[in-house]
Amino acid sequence: MATPMTAAQVVAQLKKWGIKYKEVKSWETHNRNSKGAWGGMNGFIWHHTGADVASASADEYAGSTLYNGLSTLPGPLCHFGLAPDGTVYLVGWGRANHAGGGDPTVLNHVINEDYSGQLKPTRGNANGVDGNAHFYGVEIMYSGSHKMTDAQYKTALKLSAAILDFHKWTEKSVIGHGEWSNDKWDPGYASGKIMDMTRVRSDVADTLKAGPNAKPAPTTPTTPTKPSTGGGTVATKTAGY
């Protein structure tokens with residue numbers, strides 16, 4: 001198990017890996033540490049929000065739903081929010097309500113990085129081991145009933161690599177929520193269907209191997225969009241852009 005990164009350390013990793021990010025309110029001290037353990041850390045879980053969020057609404061969504069939580073589940077609901085344009089939102093740091101209960105066998109596989117292929121959890125939120133103590137989590141802002149955007153996927157790979165790089169973990173420390181809990185299917189690519197996480201981990205491994213200074217693939221120029229103001233709840237920080 002690893003000691004969690006500090007808020008300053010995770011910001012340094014985002015800068016190192018050239019990831020564009022925004023800070024939501026007092027994210028550095030926003031957590032659920034009073035309710036349970038935070039660490040040691042064993043891995044990183046990908047989630048989808050279950051709702052499509054436009055990039056123009058991402059500031060508001062990160063500063064309200066992800067930061068404050070729901071009536072049935074207090075925030076923060078993740079450490080990172082990921083908008084359709086690839087921007088990462090720093091939502092909270094410390095224990096967050098994202099992973100819930102999960103399969104202890106899966107946790108052991110992640111700790112030992114000894115598995116291959118898909119993980120098949122047998123326990124869920126109601127009867128599993130506390131994942132909020134052991135995992136960082138990203139909420140990718142899309143419904144899961146279709147693919148995430150290319151920008152989201154590329155940033156999710158880099159964000160994963162940034163965490164793995166810090167802890168000297170391999171790609172096998174990255175899992176999907178649906179691999180952790182048998183009552184989840186995120187991150188999805190179609191309704192009720194989790195992405196091929198074996199392929200995702202292969203792409204994470206390639207991203208990690210290429211390193212933070214890898215040149216991006218050429219893209220077709222597009223007309224820049226006007227950035228969202230989001231009601232002033234977030235402060236923009238751009239690293240490597």
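Which residues of strand 1 (residues 21-24) are buried on one side, and which on the other? Select the strand in this predicted model and look at its two faces. Tyr-21 and Glu-23 lie on one side, Lys-22 and Val-24 on the other, and all four are buried, so that both faces are covered.

**Strand 1 and its partner**

Keep strand 1 on screen and add strand 6 (residues 88-90). The two strands pair in the parallel sense, over three bridges. To line them up, start from Tyr-21: opposite this residue, in strand 6, stands Val-88.

**The whole chain**

Now show everything as a cartoon. Six helices and 13 strands make up the secondary structure of the protein chain. The chain has 241 residues, and 51% of them are buried. Consider next the contacts with a separation of 6 or more: 79% of these are between residues 24 or more positions apart. Switch on the surface if you like; the accessible surface comes to about 11,100 Å², with 51% of this area belonging to carbon and sulfur atoms.

**The nonpolar cores**

Hide the surface and select Trp-46, Phe-80 and Tyr-136 as sticks. They belong to the largest nonpolar core, which has 38 residues, and they touch the most other members of this core. Then colour the elements that give two or more residues to this core: helix 1 (7-16), strand 2, strand 5 (80-82), strand 6, strand 9, helix 4 (150-167) and helix 6 (197-210). Helix 4 provides the largest share, eight residues. For the second core, select Tyr-61, Ala-62, Cys-78 and Met-141; these are among the 13 residues of a core that is separate from the one just shown.

**Helix 3**

Move to helix 3 (residues 104-112) and show side chains. Val-106, Leu-107 and Val-110 are buried here. Looking along the axis, you will find these residues on the same side of helix 3, because they cover an arc of only 100° around it. What do the buried residues of helix 3 pack against? Select strand 2 (43-48), strand 8 (129-130), strand 9 (135-140), strand 10 (174-176) and helix 5 (177-180): these are the elements they pack against.

Finish with the two ends of this helix. At the start, pick Asp-103 and Thr-105: a side-chain oxygen of Asp-103 comes within 2.8 Å of the backbone nitrogen of Thr-105. Just after the helix, select Glu-113, where phi is positive, at about 50°.

Technical notes:
Residues are numbered from 1 along each chain as its sequence is written. This is a predicted model: local features need pLDDT of at least 70, side-chain atom pairs count only at pLDDT 80 or more; totals for chains, interfaces and linings use all residues. Side-chain values use heavy atoms; hydrogens and water are left out. Buried means under 20% relative accessible area, exposed over 50%, partly exposed in between (1.4 Å probe, protein chains only). Two strands pair if DSSP finds at least two bridges between them. The arc is that of the directions from the helix axis to the C-beta atoms. Contact means heavy atoms within 4.5 Å. A polar contact is a pair of N or O atoms within 3.5 Å; within protein, one must be able to donate a hydrogen and the other to accept it, and residues adjacent in sequence count only if both atoms are side-chain atoms. Accessible areas come from the Shrake-Rupley method with a 1.4 Å probe; for residues, only the protein chains shown count as cover. A nonpolar core is a set of buried Ala, Val, Leu, Ile, Met, Phe, Trp, Tyr and Cys residues joined through side-chain atoms within 4.5 Å.
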